[in-house]
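Dear colleague,

I am passing a structure on to you, and below it you will find some notes on what turned up in it. Please read them with the structure open beside you.

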Amino acid sequence: MIKISTIGKYLDQPLLTAKINKQVPAILTLASSGFLAKEIYETPKENRKKKGLQLGIILAATTLSAVNASRIASFLTKRPMSKTVKQISKDNEKIISEIISENTLNKDVTNILNKAKNKILSIKNVDILNRNLSRKDLNKLIPDPENITSKDIFREIGWLSIFGAVPVAGGIAGGIIADKTTEKHWGNKVSNKIKEGLYQYLANIFMCNIGAGAALGILEKMNIRSKSARCIGMVSGIILTGVIGGSAIANYISNKFVNPLLSKNPQKETRTPELLDLGLHTDDIATVSLLSGLKWIEPSLPLLYAVSGYRAGIGYRNNKNSPDKEKQSHFLYSKC
């Protein structure tokens with residue numbers, strides 16, 4: 001029977017994370033293309049050209065920004081970039097050579113180690129290594145998740161927050177370009193995109209990161225090391241500061257600043273959570289996981305944050321009484 005620890009080790013393989021990360025641009029492009037094709041197919045023929053151009057620009061801008069978000073965030077926060085497949089393979093060759101030379105191993109274990117130099121191991125192969133190598137040697141090849149300490153919290157939160165901001169900014173820019181290309185009165189919709197971008201970023205990304213980080217810092221100060229306690233604490237922080245606090249802050253900024261500056265007929269509005277907004281908090285699971293040291297979650301971030309970027313690009317459409325909700329083209333704003 002395969003040990004539970006083996007599953008963790010399988011997921012922690014640096015090569016697995018690096019190879020998934022390498023495929024993210026292709027996955028995101030394919031997903032965006034499929035979504036675009038579906039939306040065009042479901043649109044009346046007379047509107048397909050316009051909708052295709054609008055959504056195509058928004059999705060292209062969001063995808064481009066999402067796949068480059070990690071690089072931009074790492075540069076701004078001076079956080080080391082994730083290693084490439086080539087770099088990890090080179091490290092593995094050195095580590096495996098040392099393990100083989102320092103231990104007396106049977107043929108099966110040696111073959112698996114040689115395979116691990118540049119290939120992802122199966123769960124069965126990882127289990128064999130788990131049973132035959134010392135913990136020290138196995139950790140050299142597949143490091144255990146390292147819990148983020150209070151010293152690292154702000155760097156990680158800063159990185160995650162910039163990571164999430166880039167796709168949202170890309171979505172807003174793409175939405176404005178799309179409207180400018182296809183709409184005569186495109187300027188009337190700029191406030192919509194900024195308000196939705198604020199909501200997506202504050203309620204679904206930034207404040208959730210702050211809540212998780214604050215909870216982690218408190219647990220660290222209390223010297224609580226339990227992974228389950230850390231997880232529960234971070235989720236509680238996310239609910240209090242993100243889901244509740246982020247929504248309130250986004251609505252305040254929209255009503256106090258964005259509407260007076262960019263709306264012709266400013267009127268108090270309230271952006272309330274929708275079903276998809278709640279679903280977007282899947283990225284908070286990724287946040288908790290990353291702050292818990294699970295690096296294999298990282299490749300999912302561009303996919304999750306791209307959804308927030310897309311929604312920012314199509315604009316604010318939650319409040320039925322909003323004057324900015326105009327007489328917008330129904331086919332573009334009726335679907336989330």
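In which helix does Thr17 lie? This is a predicted model, and in it Thr17 belongs to helix α2, which covers residues 14-41. Is Thr17 buried or exposed? Its relative accessibility is 15%, and because buried means under 20%, Thr17 counts as buried. If residues up to four places away in sequence are left aside, Thr17 touches Leu11, Lys295, Trp296 and Pro299.

Helix α6, made up of residues 123-132, has as its buried residues Asn125, Val126, Asp127, Leu129 and Asn130. These buried residues of α6 pack against three helices, namely α1 (4-11), α5 (107-115) and α7 (135-141).

Within helix α5 you will also find Thr110, which touches Ile100 and Leu105 when residues up to four places away in sequence are not counted. Thr110 and Ile99 are 11 residues apart along the chain, and their C-alpha atoms are separated by 9.4 Å.

Finally, there is the matter of empty space inside the model. The count comes to 2 cavities of 30 Å³ or more, and the largest cavity holds about 70 Å³ of space. Its lining consists of Gln13, Pro14, Leu15, Asn92, Ala116, Lys119, Leu121, Leu141 and Ile142, and the residues of this lining divide into 6 nonpolar, 2 polar and 1 charged.

With best wishes

Terms used:
Residues are numbered from 1 along each chain as its sequence is written. This is a predicted model: local features need pLDDT of at least 70, side-chain atom pairs count only at pLDDT 80 or more; totals for chains, interfaces and linings use all residues. Side-chain values use heavy atoms; hydrogens and water are left out. Buried means under 20% relative accessible area, exposed over 50%, partly exposed in between (1.4 Å probe, protein chains only). Helices (H or I, at least four residues) and strands (E, at least two) are DSSP runs, numbered from the N terminus. Contact means heavy atoms within 4.5 Å. On a 1 Å grid over the protein atoms alone, a cavity is a set of points where a 1.4 Å probe fits but cannot get out, and a pocket is an open set with protein on both sides within 12 Å along at least five of seven lines; lining residues have an atom within 4 Å of a point. Grid points are joined across faces, edges and corners, and a volume is the space filled by probe spheres set on the points. Ala, Val, Leu, Ile, Met, Phe, Trp, Tyr, Cys and Pro count as nonpolar, Asp, Glu, Lys and Arg as charged, and the others, Gly among them, as polar.
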